[in-house]
Every structure is written in structure tokens, then in C-alpha cells.
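Biologist: I am new to this structure and should be grateful for a close look at a single part of it. Please take the metal site, and then set it in the context of the chain around it.

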Amino acid sequence: MNSKRLNDYTYLIDLKPRGFENFSASYVIKGSKVAIIETGSRLTVENLLAGLKEIGIKREEVDYVAVTHIHIDHAGGAGTLLPHLPNAQLLVHKRGASHLINPEKLWVSSLQVLGDIAEMWGKSEPVPEERILIAKEGMVLDLGKDVDLKVFEMPGHASHELAFYEKNSNGVFPGDAAGIYLNKFDMVAINTPPPFHLEMALSSLQRLIQMKPRWLYYSHFGPADDAVGKLKNYAARLKLWGEIILGGMRRGESFDVISERISEKEPIAPDVADYLKNHITLSGGIIIPNVYGFMEYFRRSMA
Ligand SMILES: [Zn+2]
């Protein structure tokens, strides 16, 4: 089973990149119309289609495919998926659309930031321009039967990040705006690779907190309650990381020393460390790439 019913109208599909469970999710929301949130990478389009079949949704029934942002683990499968979904429009922020229509530039930057991991996710195929629906703040995707998704802009992790609010369960699909949820440990890992924008990320989190959601439906990975508690905690940690990292940079400390300071503040439990060792994307650690994102942000903002 790749799919799981979360409530009357929401399903989670575990995309299982290379068989790795509990890391990459798509969600299916079904009123009288059907929306999919996140395509996942090109690598896992077949698993997404298999999940749809398992849920009992025909490909032609899908009306919308909404992506929180265009990073290749979230939207990289769009160009490969859409030919299978003849009636679906792809909802994306206007700043992301051109990169889905012509994915070359995104591929080059994915290789720079992710290296081998980008190769694993696979190079995206282009999305035909006429399939794209530009997302706007406050837009509502009415799926019928009193089910809808409301669009919010959530810049920070990416400048074009979106979140989708679902009123009946009082839940939010935050994309990567709220970190990476390691559901096995009920723990949220920081997710701030470059180009990260701290101030924007914090004000986006503030907006999410003000919605007072009960649920977060993480793309990485799965549903989690106590949404407000998790969002507040994530914001507090981002602030703390920011203070430590900026302080270190002002003192002229090296990347290694600054990373060590963060590691001291956020010791990783042995069982978590063990789990991460064999993780599909996090085996390089949950500190180093994110410290790099902060430092790059501070360099940019001080320049
Ligand atoms: Zn991601």
C-alpha cells in the first residue's frame, strides 16, 4: 500500500523514492473535483499514479495539480505527470512557472545545490505553458462538496513558496515552509538550504501561526497535529540559528566552528543519527547544508 486515507476527502500517497518510505508525499484532495498537492520528483511519478489507482481515482478525474514550490523533489515530476492527467491544470506561483516550462536553469541550480541527490530525483521534463494556472494569494480552489483549498504565499524556503489551507480539517499544506517532519521521531528538522531568506521565512511562519491550524500536512512527511506548537517551535529555532550564525560570522569564525556551535545547541539523539545515516537525502546531515543557507543569506543581506 502506498496510499493512506487521512479523512473523508484527503489521502496521502507515500511516493517512496528508491523505496525509501516516509520522506516524500503527495496528497490527494477529493470533493466532486480532485486536486493533487505535490507531484514529487520525476523519479516517483509512477508511484504517484499507482497511488491514485489504489485510491480509486481515474486519471481523467484529476482537475488540479498544485505544487508548493518548484524544487525538483516537489514539482520535478510535473512535466512527466501531466500527459497522464489529461484534464489537470498545474497550479504554481508566477515566479516558478517559467522554470517549469523551461526547466534547464532549474536543473543547473539543482545540480549545484544538491549534487548527486539531484541526479537521483531526475531531470524534469518541460510543462506545456497552456497547462499552467498561476496561483495568487487568497485564491480558492473550489473542489465541490464544501471542500476547498485556499492559496497563501509563503516565501522564505523559496521565494515562490505557497501553502494551501484546507478549512474542514483546519489543516495546512506548508510545503517546505515549516521544516522537515521526521514522523518516526515526531521531530522537525531545519530545512534552509540556499537561497534561503530568514526574514521572509519568519513572517511566513507568523502568518501560518495566525491561521491557528490544527494539522500540518508535511510534504516531508505526513500529517502532524499540534500545528501551532510545531510552527512556533520552528520559528524559535530559526531565530536562534540566525543569532548564533550571525554572531559567529561577525566574529570571523569559520564555517566549521559555526556549525559546531549549532550542533551543540541541537544535539541529535543517537537513534535519530542512526536513522539519518541511511537517509535518502539527509545522510549528509541536517546541520551543514542549512548553516550554509543561513550564511549565504547573511552575506547577501549584508552586501
Ligand atoms: Zn523539499
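Modeller: The account below begins with the metal site and then moves outward to the rest of the chain. The model is a predicted one, and every value given here is computed from it.

The zinc ion has four protein donors, namely Asp73 (OD), His74 (NE2), Asp176 (OD) and His220 (NE2). These donors lie 2.0 to 2.4 Å from the zinc ion. Along the sequence, the donor residues follow the spacing D-H-x101-D-x43-H. Asp73 and His74 thus form the D-H at the start of that pattern, with 101 residues between His74 and Asp176 and 43 between Asp176 and His220.

What arrangement do the 4 donor atoms around the zinc ion form? The angles they subtend run from 81 to 161°, and the arrangement is therefore irregular. A tetrahedral assignment would require all angles to lie between 85 and 135 degrees, and the range of 81 to 161° does not stay within those limits. For four tetrahedral donors, the ideal angle at a metal is 109.5 degrees.

Are the two donors at the start of the pattern buried or exposed? The cut-off for a buried residue is a relative accessible area under 20%. Aspartate 73 has a relative accessible area of 13%, so it is buried. Histidine 74 has 1% relative accessibility and therefore counts as buried as well.

Aromatic rings offer a further view of the chain. There are 12 aromatic pairs in the model. One of them joins phenylalanine 173 and tyrosine 217, which are stacked, with 4.5 Å from centre to centre and 25° between the planes. Phenylalanine 173 belongs to strand 11 (residues 171-173) and tyrosine 217 to strand 14 (residues 215-218), so this pair ties together parts that are 44 residues apart in sequence. Phenylalanine 173 is buried because its relative accessibility is 2%, and tyrosine 217 is buried because its value is 3%.

Another pair brings two helices together. The ring centres of tryptophan 241 and phenylalanine 294 are 5.8 Å apart and the planes stand at 35°, so this pair is tilted. Tryptophan 241 lies in helix 7 (residues 227-250) and phenylalanine 294 in helix 10 (residues 288-302), so the pair ties together parts that are 53 residues apart in sequence. Tryptophan 241 is buried, at a relative accessible area of 1%, and phenylalanine 294 is buried too, at 0%. Both residues belong to a cluster linked by ring pairs, which comprises Phe196, Trp241, Phe294, Tyr297 and Phe298.

Isoleucine 258 is found in helix 8 (residues 255-265) and is buried, with 0% relative accessibility. Leaving aside residues up to four places away in sequence, isoleucine 258 touches Ile245, Gly248, Met249, Glu253, Val291 and Met295.

These parts belong to a protein chain with 10 helices and 15 strands. Of its 303 residues, 56% are buried. The radius of gyration of the chain is 18 Å, which agrees with the value near 19 Å for a compact globule of 303 residues. The C-alpha atoms fill a box of roughly 60 × 40 × 35 Å along the principal axes. Of the contacts between residues at least 6 apart in sequence, 67% join residues at least 24 apart. The accessible surface comes to about 13,200 Å², and carbon and sulfur atoms account for 50% of it.

Definitions and conventions
Residues numbered from 1 in each chain as written. Predicted model: local features only at pLDDT ≥ 70, side-chain atom pairs only at ≥ 80, totals over all residues. Heavy atoms only, no water. Donors = N, O, S within 2.8 Å, 3.2 Å for Na, K, Ca; no water. Tetrahedral: all angles 85-135°; square planar, octahedral: opposite > 155°, others 65-115°. Buried < 20%, exposed > 50% of the residue type's maximum accessible area, 1.4 Å probe, protein only. Helix = DSSP H or I, 4+ residues; strand = E, 2+ residues; numbered from the N terminus. Rg over C-alpha atoms; globule rule 2.2 N^0.38 Å. Contact = heavy atoms within 4.5 Å. Areas by Shrake-Rupley, 256 points an atom, 1.4 Å probe, with all protein chains shown as cover. Phe/Tyr/Trp six-rings, centres within 6.5 Å; stacked < 30°, edge-to-face > 60°.
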